[in-house]
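Colleague: I have a few questions about how this model is described. Could you go through them with me?

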2 protein chains.
Amino acid sequence: MKVGILGNGNVGGGARTVIARHPCGLEVKKVLARHIPAGLEGLVTTDPAEILEDPEIELVGEALNGLEPAYTYVSEALRRGKHVVSANKAMICRYFTELHALAAEHGAGLRFTPSAGGGIPWLVNLRRTLRCDRVTALRGILNGTTNYILDAMQTQGRCFEEVLAETQRMGYAEADPSADIDGLDAQRKCAISASIAFGIPVREEDVPVLGIRSVTAEDVQNFAAMGRICRLLVQVEEVAGAVSACVEPALLLPQEIECSIHACDNCISLTADEAGTLRFSGPGAGAAPTGSSLVQDMIDIAALGKAACAGNVVLDGKAVLGGDAIHSIRHPYYVRSQGKVPPELVRGGAGSAKITAPLTPQEAVQLERKLHRRDKTTFLAAILPSGKGNI
Amino acid sequence: MKVGILGNGNVGGGARTVIARHPCGLEVKKVLARHIPAGLEGLVTTDPAEILEDPEIELVGEALNGLEPAYTYVSEALRRGKHVVSANKAMICRYFTELHALAAEHGAGLRFTPSAGGGIPWLVNLRRTLRCDRVTALRGILNGTTNYILDAMQTQGRCFEEVLAETQRMGYAEADPSADIDGLDAQRKCAISASIAFGIPVREEDVPVLGIRSVTAEDVQNFAAMGRICRLLVQVEEVAGAVSACVEPALLLPQEIECSIHACDNCISLTADEAGTLRFSGPGAGAAPTGSSLVQDMIDIAALGKAACAGNVVLDGKAVLGGDAIHSIRHPYYVRSQGKVPPELVRGGAGSAKITAPLTPQEAVQLERKLHRRDKTTFLAAILPSGKGNI
């Protein structure tokens, strides 16, 4: 099958290289890039029409960043009946419903495994599970930069700023690291995963998020005194037809699998009625892992041919998004702040911090906002029950 | 697609129930069982011909135990061009080459994900990876009973005999638990996994194995003093074209992911050139998980139809099996024995036990046999290097 690749950066270039190294029935006919690198004059173009309007190209891999022009290009490809594989989490998350409607209308396959979990075959296995099972919960680590920071702070006793600067030098974190450390990257991947699991469009803004920007070496010492390790955790669950989702720093017992996830690795699990809890871990980013994940989705589509559309996600879930009133996720929180935690919420202390009564993630986000007005260094983390370890 | 299921026990019955609960395009036309349960008179038969000779049945799920009559039935199904999905590790392992040749000859699909890792989508993801990547190593836990025993001994300080009896009461271990505790069950799953990964037929007898029959509470205390946790570990690697494989108790650092695998769960990883290290964990046995894994393989075949055969494992590996001379796996061993360890092999001690120079698994098995003549309670475990933790 002849394919075109939109983007020649980390992921797009990675996919191109993987196909060149491992013959797999795919032929890269054109690659779209901003500049044409020396030696790739015949292959690389700066004109998207050379991919989108070429009837020989049946499948488009999209590895651009951000919403535009990615959404315009992908929509055009689908309208022309081309299959699409995307690594672009921002675009997939924002236009989940629109893209699936377009793909269905034009009989095209749409896959995006590399958009959540990097090189881990997470979304493809989540979809595979759903064919004869019912998923009830998701949980895990979907951001490598914050995992690197939290792991290094815990195992090496270093401070947040120092480790963050290290991740920037190593090229893991951007110059503006907000999307990582404020949890927004994980929030998108959580929304995409939840949309697939429950067949309803979950948007970024439906997922309450607490980041790790304010975590200190003193906090990590407090966690250790509590016998806990901190990870930035994605949690999604369905209870009585209502889906709740959140991203937050979570204090886990050391025997939990997420505490064995080191450096930039990701780890994500699903819990289903029949299969039980299945966990997937591996590199959450990187040119070769994420590029090869893009190629694997392409091979799946090439194997299915015209039937690829039948394997798309179907948005027909009977569940609804849990609002404040029906949010089933509820934990006590570790709160360190110079601001005043309402006394009726306080249940105990941990070093200089307080432990609250059980709150929903939305309530925790509201509390953080309030405390933030007095103390910009306020930090909150959910304290997970020990029994939850093996979901 | 109309399917027949050979076997109505744990896995076969599990698969039948999963299909009944989750409409997935499969229709169970007949189930073979020794006895016909009340209420299933129309569905269940005691005559294999009702499945094997029915031209309407395009796909056979095999969930029998042992080599015969399973091999005869499955061969007959393949000869008639029926696709086969098998959960039978003993049969798949022994007749790996013969079954793949038959399937290729008759254009039939052959899958066996539930034969290694129970409900974990392990073999299907290993095969998916290989389509555009080169796998260089496998490692993990593929036996739930021994993991339960080792985990309970470590976390609860209990003795081997007591925990083994508990696993028998709970139905995890057989009345004769030899296949589990002597490592033979893991040996078969290791051989099947290695055969797929390297495209060469690896037989059970190619995999040196040390079991955990002799491990004591005192050993576990010694491991703790060394800062280690014991797991029964499958290891496979390819170095310079030679494949080495083994199953042995291994002493790991607590931060390794296998130490976070508790109770009967399994966890298995692959390391590949492009994808890096991908890890898969979940329930290694059980009616619903293993039954649903059988059904998932069936759905894969139904989606591919006549193309299913093209997705079979191809035995065309360029690697060779590493014999004694080219065995790349080599570790120091913990040895507790009243027998005499040759002094030239001793490098140190751990409580009442000795630590050896690095040995290949074959050399360790030979040493165990020799020591066993003097002391039937001899126990050996490989001491893994800390750097190996994240393969």
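Colleague: How do you know where the domains of chain A begin and end?
Modeller: The structure is a predicted model. Its domain assignment gives domain 1 of chain A as 2-111 and domain 2 of chain A as 127-285 + 320-390. The C-alpha centres of these two domains lie 32 Å apart.

Colleague: What makes a residue of domain 1 of chain A count as in contact with domain 2 of chain A?
Modeller: Its C-beta atom, placed from the backbone, has to lie within 7 Å of the C-beta atom of a residue in the other domain. The contact takes 6 residues from domain 1 of chain A and 7 residues from domain 2 of chain A.

Colleague: Which elements of domain 1 of chain A give two or more residues to that side?
Modeller: They are α4 (89-94) and α5 (96-106) of chain A. The most comes from α4(A), with 4 residues. By kind, the residues on this side of domain 1 of chain A divide into 4 nonpolar, 1 polar and 1 charged.

Colleague: Why are chains A and B said to be related as by a two-fold rotation axis?
Modeller: Chain B superposes on chain A, with an RMSD of 0.0 Å, after a rotation of 180° with 0.0 Å of shift along the axis. The two copies are therefore related as by a two-fold rotation axis.

Colleague: Which C-alpha of chain B is nearest the axis?
Modeller: That of F280(B), 2.4 Å from the axis.

Colleague: How do you know that the same surface serves both copies?
Modeller: Of the contact residues of chain B, 100% recur in chain A.

Key
Residues numbered from 1 in each chain as written. Chains lettered and ligands numbered in written order. Predicted model: local features only at pLDDT ≥ 70, side-chain atom pairs only at ≥ 80, totals over all residues. Domains from an automatic or database assignment. Contact = placed C-beta atoms within 7 Å. Nonpolar A, V, L, I, M, F, W, Y, C, P; charged D, E, K, R; others polar. Least-squares fit on C-alpha atoms with pLDDT ≥ 70 in both.
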